[in-house]
Amino acid sequence: MMMNTMPGKRSRADMQGAFEGMHASEDMYEKVMARASHRGRKRGGVPKIAVVATIALAVALAAGGTAYAVLGGDFFFRGWGDHGHGQVNTWTVDGDGVYSRTFGTVDEGELSDELKASVEYAGRAVEARGYTLLVESVLVDDLGCGAATFTLSNPDGIKINPAYGVPGDAVFDDTSDLRLLRVDFGDGVFANDVVVYDADDSTDTKVRGTIYFNAWNGAGSVASGIKWVLTFNNGDVATDAFVPAKTVKSREFKTADGVRAMVSPIALVIDGESVMEAHDNLYGVDPLIIHNLSVTMEDGTNLVITDDDARAYNIFGSCLRGEDGVNLQIVYRPTQLLTPDKIASVSASGDLHHTDGQNEAWQAEFLPTA
Amino acid sequence: MDAEKWFREAVERHRDMVFRLAYTYLRDPADADDVTQDVFVKLLRSGKRFEGDEHLRYWLVRVTINECKSLFRKPWRRVEDIEAYAETLQAPSEQHRDLLVRVMRLPEKYRVPMVLHYYIGLSTDEVARAIKVPAATVRTRLARGRARLKSMLEGEKR
């Protein structure tokens, strides 16, 4: 049979045939119900989830408040150093060129006492199917973003596949019964998260690393409690919720036409709502795509966060959060720990998407409002 | 029809389409499975009323695209071995399997419009709205995508 590549019915038939053998899981309905139920949402029925075994860590929790000193001060070095993978990591995407992620560096002298004191000991743990997850320290900001260090162990082995994800990301192998380490919130709102493992501190049976996350609805979801979840092929187990008592504050920046950006030490958020207020007739689902984003420090140094042209993505993931046209925000979690008070400006360029389908080039400089 | 029965039928009827579209974006069956679950959880929670199956289908396409783009706005994940995955599928013929592999090898800007148009059956205007580019751009990408497929085919014959 000769495949047709010209337009018309034949192409449609060929394409239908090409996909014919590809199927979603037969138990998709059960999976969806389990996922929906487990996240504390509506609907009755019995979710098919595994029994949750939580471990109380009363002794460790007693250390609580003065977390940074108790933890030996390695939280920031673990979270915003090179994770043992080297400073710059590169990878190739399907013949599309070489991409890179540069990890940050941590200067202890630059860490303010306020920032250090904002680290809390979570001490949340869960045990299931041979795995033990201990979530150690947590830092959250007022933008609904956070990071937590963890140790995951299993005497029978943990299968991370280094070929998956960006170098340094902890993505489990297809043969692993454990599929994801992820975050949930007490209010059931979705999280966006990325897990990076520490190469020097991890073995075949123990993985140490940091999970970076943000809530789809912002700080309210984080305040409702953070749960760390092990998702297996056929169910989830989760830690008890941890409700942060401390929050790192962000600093506001604005463009001349009123577009807002908020910067905390661990996140940079562009406010889509203010983009739509500043420009007419933008497409509400995705009004702005940013191609380049950087911050300039007061001493003149420039820190690239993303640069599409150079294929540089110095972030622990990014996402568009909020509903269509409502409370839209573009969230970045930079690999470099930021000092918002020392940032002179934030620069961004990209495309505005109009309702008529046209794109408009956009360039902006955000300056601090206070 | 009660809501639960309607939802179950919606999942059964559209799960393959959602999964296939998610795979087109992500080219990783585990990720596509994950997105498919999230799309149907959103449907479950949306409480939306649909005017008919086509309306539901278009809504699912749009949410799937948004899920894929929001979760993986950047090429964070390396592509799984497309050939190895295709080998596991029960395609009608070897040529269909090859076509799937070739389409999946195309850059996203070509393969997504091609799948939306030729597999899902959206018009070029609908594809334009779904992926938020002008309709003329969609038509250009379809033409270039077809040309690339053709040159791949000819390259393999040589």
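These are my notebook entries on a hairpin, an interface and a buried arginine in a predicted model.

**Entry 1: the hairpin in chain A**

I began with strand β3 of chain A, which covers residues 120-128, and looked up how much of it is covered: eight of its nine residues are buried, so I describe the strand as largely enclosed by the rest of the structure. I then asked myself which strand β3(A) is joined to and in what direction the two run. The partner is strand β4 of chain A, residues 131-140, which runs antiparallel to β3(A) and is joined to it by seven bridges. For the register I noted one pair, in which Ala128(A) has Tyr131(A) of β4(A) as its bridge partner. Two residues lie between β3(A) and β4(A), which together form a hairpin, and when I checked the backbone of the turn I found that Arg129(A) has a positive phi of about 50°.

**Entry 2: where chain B meets chain A**

I next turned to the interface, where I counted 63 residues of chain B in contact with 72 residues of chain A. The area buried between the two chains comes to about 6,400 Å², and carbon and sulfur atoms give 58% of that area. Looking for charged pairs, I found four salt bridges across the interface of chain B and chain A; I wrote down the one between the side chains of Arg8(B) and Glu30(A), with an N to O distance of 3.8 Å. For polar contacts, the search across this interface gave eleven residue pairs, with both residues at pLDDT 80 or more.

I then asked which helices of chain B supply at least two residues each to the side that touches chain A. They are α1 (3-26), α2 (29-46), α3 (53-71), α5 (94-105), α6 (108-119) and α8 (135-157) of chain B. The largest share of that side, twelve residues, comes from α1(B). Sorting the side of chain B that touches chain A by residue class, I obtained 28 nonpolar, ten polar and 25 charged residues.

**Entry 3: Arg182(A)**

My last look-up was Arg182(A), which I located in strand β6 of chain A, residues 178-185. Is this arginine buried or exposed? Its relative accessibility is 5%, and because the cut-off for buried is under 20%, I recorded Arg182(A) as buried. I then followed its side chain to two partners: there is a polar contact with the side chain of Asp184(A) at 2.9 Å, and another polar contact, at 2.8 Å, with the side chain of Thr231(A).

Methods:
Residues numbered from 1 in each chain as written. Chains lettered and ligands numbered in written order. Predicted model: local features only at pLDDT ≥ 70, side-chain atom pairs only at ≥ 80, totals over all residues. Heavy atoms only, no water. Buried < 20%, exposed > 50% of the residue type's maximum accessible area, 1.4 Å probe, protein only. Helix = DSSP H or I, 4+ residues; strand = E, 2+ residues; numbered from the N terminus. Pairing = 2+ DSSP bridges. Contact = heavy atoms within 4.5 Å. Buried area = accessible area lost by both parts, 1.4 Å probe. Polar contact = N/O pair within 3.5 Å; in protein donor to acceptor, adjacent residues only side chain to side chain. Nonpolar A, V, L, I, M, F, W, Y, C, P; charged D, E, K, R; others polar.
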